[in-house]
Amino acid sequence: MALNTNKNLKTYYSIKEVAQMLGVNESTLRYWQKEFPQLKPKTSASGARMYTDKDIETLRVIYNLVKVRGFKIAPARKILQNNRDGADKNLEVLEHLTAIRDELVEMKKRLDNIV
């Protein structure tokens with residue numbers, strides 16, 4: 001088994017780090033953990049939650065369903081259980097469109113500076 005020599009790659013993230021990544025409160029993450037059975041971060045011996053990249057991806061899908069698309073918890077849970085691939089695809093498309101929008105805004109700024 002090879003050691004992870006890249007110090008930028010983390011195996012686990014704290015609840016505080018994940019909350020900052022998503023722009024939500026830590027209490028929101030704890031609530032979502034209770035409401036979505038797919039979300040099961042590991043816990044340390046002291047009980048601290050340790051999120052993996054897979055957990056964070058699940059949280060991004062939950063965030064998209066609840067915060068961006070406005071679903072209530074129960075329908076979001078059902079979508080995640082029944083159509084995870086569709087929810088993942090929607091998140092992927094949304095992230096791609098956001099990146100394109102950001103790129104277009106940057107291009108407009110550069111064009112405005114030229115004129």
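**Notebook: salt bridges, core, sheet and surface**

I counted the salt bridges in this predicted model and found five. I looked up three of these pairs in detail.

**Entry on Arg101 and Asp102.** I find the side chains of arginine 101 and aspartate 102 meeting in a salt bridge, with 3.3 Å from N to O. I looked up the exposure of aspartate 102 and noted a relative accessible area of 42%. I class aspartate 102 as partly exposed because this value falls between the limits of 20% and 50%.

**Entry on Arg110 and Glu106.** The closest N and O atoms of arginine 110 and glutamate 106 are 3.9 Å apart. I keep the pair as a salt bridge because the cut-off is within 4 Å. Both residues sit in helix α5, four residues apart, which is about one turn of the helix. For glutamate 106 I noted a relative accessible area of 36%, so I entered this residue as partly exposed.

**Entry on Asp112 and Lys108.** Here the closest N and O atoms are 3.0 Å apart, and I recorded another salt bridge. Aspartate 112 and lysine 108 also belong to helix α5, with a spacing of four residues, about one turn of the helix. Which of the two counts as exposed, and which as partly exposed? Lysine 108 is exposed, at a relative accessible area of 52%, while aspartate 112 is partly exposed at 45%. I added a general remark: side chains of opposite charge can pair when their charged atoms come close.

**Entry on the nonpolar patch.** I then looked for nonpolar side chains on the surface. Val93, Leu97, Ile100, Leu104 and Met107 make up a patch there, and together they have about 430 Å² of accessible area. I checked Ile100 separately and placed it in helix α5, residues 84-114. Its relative accessible area is 35%, so I wrote Ile100 down as partly exposed. Ile100 can belong to the patch because 35% lies over the 30% that membership requires.

**Entry on the overall chain.** The protein chain holds five helices and three strands. Read from the N terminus, I get the order β-α-α-β-β-α-α-α. Of the 115 residues, 23% count as buried. I noted about 8400 Å² of accessible surface for the chain, with 53% of it belonging to carbon and sulfur atoms. Among contacts with a separation of 6 or more, 55% come from residues 24 or more positions apart.

**Entry on the core.** The largest nonpolar core has 20 residues, and I find that Val18, Leu29, Trp32, Phe36 and Leu59 touch the most other members. Helices α1 (15-22), α2 (26-35), α3 (53-68) and α4 (73-82) are the elements that give two or more residues to this core. Helix α3 provides the largest share, six residues. I followed the contacts of Trp32, leaving aside its neighbours within four places in sequence. The list reads Val24, Leu39, Leu59, Ile62, Tyr63, Val66, Lys67 and Ile73.

**Entry on two lysines of α3.** What does Lys67 touch, beyond residues up to four places away in sequence? I found Val24, Trp32 and Ile62. Lys67 lies in helix α3, and I entered this residue as partly exposed because its relative accessibility is 48%. The C-alpha atoms of Lys67 and Val24 are separated by 9.8 Å, with their positions 43 residues apart along the chain. Lys54 is also found in helix α3. I entered Lys54 as exposed because its relative accessibility is 67%. I noted 9.2 Å between the C-alpha atoms of Lys54 and Leu39, which are 15 residues apart along the chain.

**Entry on the sheet.** I traced an open sheet of three strands in the order β1-β3-β2, with antiparallel pairing. The edge strands are β1 (13-14) and β2 (42-43), each of which pairs on one side only. I looked at the pairing of β2 with β3, residues 49-51, and found two bridges between these antiparallel strands. Which residue of β3 is the bridge partner of Thr43? The partner is Arg49.

Key. Residues numbered from 1 in each chain as written. Predicted model: local features only at pLDDT ≥ 70, side-chain atom pairs only at ≥ 80, totals over all residues. Heavy atoms only, no water. Patch = residues over 30% accessible without salt bridge, like charges linked within 9 Å, V, L, I, M, F, W, Y side chains within 5 Å. Areas by Shrake-Rupley, 256 points an atom, 1.4 Å probe, with all protein chains shown as cover. Buried < 20%, exposed > 50% of the residue type's maximum accessible area, 1.4 Å probe, protein only. Contact = heavy atoms within 4.5 Å. Core = buried A, V, L, I, M, F, W, Y, C linked by side-chain atoms within 4.5 Å. Pairing = 2+ DSSP bridges.
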